[in-house]
Amino acid sequence: MKIRVDVKLKNGVLDPQGRAVAHALHTLGFDEVADVRIGKAIELEVNETDKEKAKARAVEMAQKLLANLVIESYTVEVLG
Amino acid sequence: MKAAVIVYPGSNCDRDCKVAAETAVNADVKMVWHKETHLSDDLDLIIIPGGFSYGDYLRCGAMASVSPINAEILRHAERGTSILGICNGFQILCEAGLLEGTLLRNNSLKYICKDVMLDVTNNNTRFTKAYGNQTKAMMTVGNGEGNYFADDDTIKLLEDENRIVFKYLENPNGSKGDIAGIINKKGNVLGMMPHPDRAFAKELGSDDGANVFKSLMQL
């Protein structure tokens, strides 16, 4: 089963990387870009057939390692 | 003093820490590979060194904070052993949950390697007693992620409990509250971005970092 964990910076946490990319987009003429936030997409292939169980375990993984809850939030999606 | 320096794949200040502790206080220093699962009970000090453990994969310090040795670091933190995390070591201690907050990318997006003047804002910890009336200390920073961050409530808590131990006189990286180093509530775990392990002899430009090790001799 495939699971996708998206990790992104919480609102209010400075994202210097996103800011630099926004600058670069402006340089290319994409003046409509007001803000850029960069996160991570983590795809897990797990040996589990029960969707709910798989999701609960992935949430645990996100909390323990994949995201740092001081600065990041996460969402977990079972891709099937 | 008996000390251990934890060595992770990608640590690069582990030798510096050993030589610093040996030179400053003649410590008996063991190098301990992160896959070890026991840290001797008679240790006085555990040093988590600087570097790029696991190539900074996922987040700085994240992988190291779940290394096999981590359970022993947590056990020693609980029993009161002094633990000093420098640079990547500070990042690892934050990721391990032993210290509040985390370290973000420098606000300039640049790797910063330079001397910084520090305010010793709490000289009443087991790591800073030896500073006595000396309120300033010069050390170097060398990092890409040294920008200390915690939410406002946490910063206030650190201030109220006098747990901010070092502050930058001139903030090099955007750290909230100019914070360069903090200590845990119990007072036995210190994390700092500047390197006392690169400032323990005049020949290195500063010996102000030696006091961190000397302070521990006064325990």
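In which helix of chain A is the place of A:Gly18? Select A:Gly18 in this predicted model: the residue sits in helix H1 of chain A, which covers residues 16-27.

**Stop 1: A:Gly18**

Keep A:Gly18 selected and show what lies around it. A:Gly18 is partly exposed, because 15 other C-beta atoms fall within 10 Å, between the limit of 12 for exposed and that of 20 for buried. Leaving aside residues up to four places away in sequence, A:Gly18 touches A:Val36, A:Arg37 and A:Ile38. Now add A:Gly39 to the selection. A:Gly39 is 21 residues from A:Gly18 along the chain, and the two C-alpha atoms are 9.1 Å apart.

**Stop 2: chain A as a whole**

Widen the selection to chain A and switch to a cartoon. Two helices and three strands appear, and from the N terminus they follow the order β-α-β-α-β. Along its principal axes the C-alpha trace spans about 50 × 25 × 15 Å. The radius of gyration of chain A is 16 Å, whereas a compact globule of 80 residues would have one near 12 Å. Colour the chain by burial: 15% of the 80 residues count as buried. Among contacts in chain A between residues at least 6 apart in sequence, 67% join residues at least 24 apart.

**Stop 3: where the chains meet**

Show both chains and select the contacts between them. Here 12 residues of chain B are in contact with nine residues of chain A. On the chain B side, the residues that touch chain A comprise six nonpolar, three polar and three charged.

**Stop 4: chain B as a whole**

Hide chain A. Chain B holds five helices and 11 strands. Its C-alpha trace spans about 40 × 40 × 35 Å along the principal axes. How does the radius of gyration of chain B compare with that of a compact globule of 219 residues? The globule would have a value near 17 Å and chain B has 15 Å, which agrees. Of the 219 residues, 55% count as buried. Contacts between residues 24 or more positions apart make up 75% of those in chain B with a separation of 6 or more.

**Stop 5: helix H1 of chain B**

Select residues 14-25 of chain B, which form helix H1(B). The 12 residues, at 1.5 Å each, should span 16 Å, and the end C-alpha atoms are 17 Å apart, so the two values agree. Show the side chains of the buried residues: B:Asp14, B:Asp16, B:Cys17, B:Lys18, B:Ala20, B:Ala21, B:Ala24 and B:Val25. These buried residues pack against several elements of chain B, including strand E1 (2-7), strand E2 (28-33) and helix H5 (210-216). Step on to B:Asn26, which follows H1(B) and has a positive phi, near 55°.

Next, display E1(B) and E2(B) on either side of the helix in sequence. The two strands pair in the parallel sense over six bridges, and the bridge partner of B:Ile6 is B:Val32 in E2(B). Together E1(B), H1(B) and E2(B) form a right-handed β-α-β unit.

**Stop 6: strand E4 of chain B**

Select residues 82-86 of chain B, which make up strand E4(B). Why is E4(B) described as largely enclosed by the rest of the structure? Five of its five residues are buried, so the strand is largely enclosed. Look along the strand to separate its faces: B:Ser82, B:Leu84 and B:Ile86 lie on one side, B:Ile83 and B:Gly85 on the other, and both faces are covered.

Then bring in the pairing partners. E3(B) runs parallel to E4(B), and four bridges join them, with B:Ile46 opposite B:Ile83. Strand E11(B), residues 189-192, also pairs with E4(B) in the parallel sense over four bridges; B:Gly85 stands opposite B:Gly191 there. E3(B), H2(B) and E4(B) make a right-handed β-α-β unit.

**Stop 7: B:Pro68**

Finish in the loop between strand E3 (45-48) and helix H2 (70-79) of chain B, where B:Pro68 is found. Is B:Pro68 buried or exposed? B:Pro68 counts as exposed because 12 C-beta neighbours lie inside 10 Å. Beyond residues up to four places away in sequence, B:Pro68 touches B:His34, B:Lys35, B:Glu36 and B:Thr37. For the last distance, pick B:Pro68 and B:Glu36: they are 32 residues apart along the chain, and their C-alpha atoms are separated by 6.6 Å.

Key:
Residues numbered from 1 in each chain as written. Chains lettered and ligands numbered in written order. Predicted model: local features only at pLDDT ≥ 70, side-chain atom pairs only at ≥ 80, totals over all residues. Contact = placed C-beta atoms within 7 Å. Expected span 1.5 Å × (residues − 1). Nonpolar A, V, L, I, M, F, W, Y, C, P; charged D, E, K, R; others polar. Rg over C-alpha atoms; globule rule 2.2 N^0.38 Å. Pairing = 2+ DSSP bridges. Right-handed = clockwise from strand over helix to strand, strands pointing away.
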